[in-house]
Amino acid sequence: MADGRYAILDYKTGQARTEKQVRTGLAPQLTLEAAMLRNGGFDGIAAGGSIAELVYVQLRGGEPAGELRPIHFKDGSTPDSQADRALAKLTQLAQYFDDDNTPYRSLVHPMWRTHYGDYDHLARVKEWSSSGGVSDDFVGGE
């Protein structure tokens, strides 16, 4: 941008994510890309850059051809602080799963428990759902 800061854009043909989904980490793509940029993760862009905007560009194939959907954080935070928060949460999550005793569970977020995804058959989601689930003691296996 003219002031030396950056805008991170994500093109969506489907529904753009909400501010709440981005802020709470349910849709972390923009904030993680911002963290990558801030930490020198892109060739030709020095670490330490500041993010002015996080924007979805919603493409629907009609008029208008594209609609800008900037994320304005309701809690008063900035794209930079949200990028730092997203990176901290990702680091925490990676450390959590670095423990050999940590199970990799399927469908841990309540909002996804009624949806069936393309790869849920690999986790035998339908089988576990029909049996009433699995206890917290279960760590995998046949």
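The following dialogue examines how several terms apply to this predicted model.

User: Why is Glu 19 called buried or exposed, as the case may be?
Analyst: Glu 19 has a relative accessible area of 11%. Buried means under 20%, so Glu 19 is buried.

User: What makes the contact between Arg 23 and Glu 19 a salt bridge?
Analyst: The closest N and O atoms of Arg 23 and Glu 19 are 2.6 Å apart. The cut-off is within 4 Å, and the pair therefore qualifies as a salt bridge. Both residues lie in helix H1 (residues 19–23), 4 residues apart, which is about one turn of the helix.

User: Why is Arg 23 called partly exposed?
Analyst: The relative accessible area of Arg 23 is 21%. Partly exposed covers values between the limits of 20% and 50%, so Arg 23 belongs to that class.

User: How do you know that Glu 67 and Arg 69 form a salt bridge?
Analyst: Their closest N and O atoms are 3.3 Å apart. Since the criterion is within 4 Å, the pair is counted. Glu 67, at 36%, is partly exposed, and Arg 69, at 32%, is also partly exposed.

User: What makes strands S1 and S3 edge strands?
Analyst: The open sheet of 3 strands has the order S1-S2-S3, with mixed pairing. Strand S1 (6–12) and strand S3 (66–70) each have a single partner strand, so one side of each is left without a neighbour in the sheet.

User: How do you know that S1 and S2 pair?
Analyst: Pairing requires at least two bridges, and 7 bridges join S1 to strand S2 (residues 51–59), so the two are paired. These strands run parallel, and the bridge partner of Ile 8 in S2 is Leu 54.

How values were computed:
Residues are numbered from 1 along each chain as its sequence is written. This is a predicted model: local features need pLDDT of at least 70, side-chain atom pairs count only at pLDDT 80 or more; totals for chains, interfaces and linings use all residues. Side-chain values use heavy atoms; hydrogens and water are left out. A salt bridge is a side-chain nitrogen of Lys or Arg within 4 Å of a carboxyl oxygen of Asp or Glu. Buried means under 20% relative accessible area, exposed over 50%, partly exposed in between (1.4 Å probe, protein chains only).
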